[in-house]
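The report below takes a reader at the bench through a single protein chain, moving from its helices to a pocket and then to a few individual residues. Please keep the sequence and the structure in view while reading.

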Amino acid sequence: MHTLLRQLRVEPLESGKWFSATRQVDRDSIGEVIDLAVEVLPLDEVASGPGRELGLGRQWAAHRCLDFLVQELDKWPGVGCPLIAASMASPVIRNRNMAVRALTAWPRSAWPSDAESRLRQAISGEPEQDVKQRMSAALEGRSLD
């Protein structure tokens, strides 16, 4: 795992390595992976606002990395909140869906203190009706999956 994290520090936009890292983590190492992602991924650039992007092509490399990370956060309640926040504000539809999926899987007690306000804000600007419905369902404590 440590070799993989060293490689990610050098080449943070290698989405396949983030995927591998998420497959190798346990309760003791998930925090290290998330901390590295927060440090090396351009989360502010990723969180540029909702859109209708599919995230295909080289220009979406950071979004793909984030996707591989956030898709696994449903297993780790309360872990990776900065990644979820960035995903919720991403122009890539799948990023937003994965953020909502993670929050929906977590008990409310594991949500970050600003999750409800972020969800409300995301709902108000969400261009995709099905994503908006998932966000609303998460806010209301129900699942659409």
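Contact, as the word is used in this report, means heavy atoms within 4.5 Å. The model is a predicted one. With that meaning of contact, Glu128 touches Arg52, Ile93 and Arg96, when residues up to four places away in sequence are not counted. Glu128 is placed in the loop between helix 8 and helix 9, and because buried means under 20% relative accessible area, its 19% relative accessibility makes Glu128 count as buried. The side chain of Glu128 also makes a polar contact with the side chain of Arg52, at 2.8 Å. Ile93 and Arg96, which Glu128 touches, are both listed among the buried residues of helix 7.

**Helix 7 and its surroundings**

Helix 7 covers residues 93–105, which makes 13 residues, and from its first C-alpha to its last it reaches 19 Å, close to the 18 Å expected at 1.5 Å a residue. Its buried residues are Ile93, Asn95, Arg96, Asn97, Met98, Ala99, Val100, Ala102 and Leu103. The cover over these buried residues includes helix 4 (43–46), helix 5 (61–70), helix 6 (81–88), helix 8 (115–125) and helix 9 (129–139).

Asn95 lies in helix 7 and, at 0% relative accessibility, counts as buried. Leaving out residues up to four places away in sequence, Asn95 touches Val46, His63, Asp67, Ser87 and Ser90. Two of these partners, His63 and Asp67, appear among the buried residues of helix 5.

Ser90, another partner of Asn95, lies in the loop between helix 6 and helix 7 and likewise counts as buried, at 0% relative accessibility. The residues that Ser90 touches, again not counting those up to four places away in sequence, are Val46, Ala47, Gly49, Pro50, Gly51, His63, Asn95 and Arg96. A polar atom of the Ser90 side chain lies 3.0 Å from the backbone nitrogen of Val92.

**Helix 5**

How many of the 10 residues of helix 5 are buried? Eight of them are, so helix 5 is largely enclosed by the rest of the structure. The buried residues are Ala61, Ala62, His63, Cys65, Leu66, Asp67, Leu69 and Val70, and what covers them includes helix 2 (15–24), helix 3 (30–40), helix 4, helix 6 and helix 7. Phe68 also has its place in helix 5, but at 23% relative accessibility Phe68 counts as partly exposed. Phe68 nevertheless touches Ser15, Trp18, Phe19 and Thr22, not counting residues up to four places away in sequence.

**The largest pocket**

The largest pocket has a volume of about 260 Å³. The elements that give two or more residues to its lining are helix 4, helix 6 and helix 8. The lining consists of 14 residues, of which Ala85, Met88, Ala89, Arg118 and Gln121 lie nearest the centre of the pocket. Sorted by class, the lining has nine nonpolar, three polar and two charged residues.

Met88, one of the residues nearest the pocket centre, is in contact with Ala122, which also contacts Met135 when neighbours within four places in sequence are left aside. Ala122 is found in helix 8 and, at 14% relative accessibility, counts as buried.

**Separations along the chain and in space**

Gln133 lies in helix 9 and is partly exposed, with a relative accessible area of 41%. Gln133 and three residues discussed above each appear in one row of the table, which sets the sequence separation of a pair beside the distance between its C-alpha atoms.

| Pair | Separation in sequence | C-alpha to C-alpha distance |
|---|---|---|
| Phe68 and Gly80 | 12 residues | 12 Å |
| Gln133 and Asn95 | 38 residues | 15 Å |
| Ala122 and Ala37 | 85 residues | 22 Å |
| Glu128 and Ile30 | 98 residues | 31 Å |

For the pair of Gln133 and Asn95, the table joins a partly exposed residue of helix 9 to a residue of helix 7 that counts as buried.

Conventions: Residues numbered from 1 in each chain as written. Predicted model: local features only at pLDDT ≥ 70, side-chain atom pairs only at ≥ 80, totals over all residues. Heavy atoms only, no water. Helix = DSSP H or I, 4+ residues; strand = E, 2+ residues; numbered from the N terminus. Expected span 1.5 Å × (residues − 1). Buried < 20%, exposed > 50% of the residue type's maximum accessible area, 1.4 Å probe, protein only. 1 Å grid on protein atoms, 1.4 Å probe; cavity = no way out; pocket = protein on both sides within 12 Å on 5 of 7 lines; lining within 4 Å. Points joined across faces, edges and corners; volume = space filled by probe spheres on them. Nonpolar A, V, L, I, M, F, W, Y, C, P; charged D, E, K, R; others polar. Polar contact = N/O pair within 3.5 Å; in protein donor to acceptor, adjacent residues only side chain to side chain.
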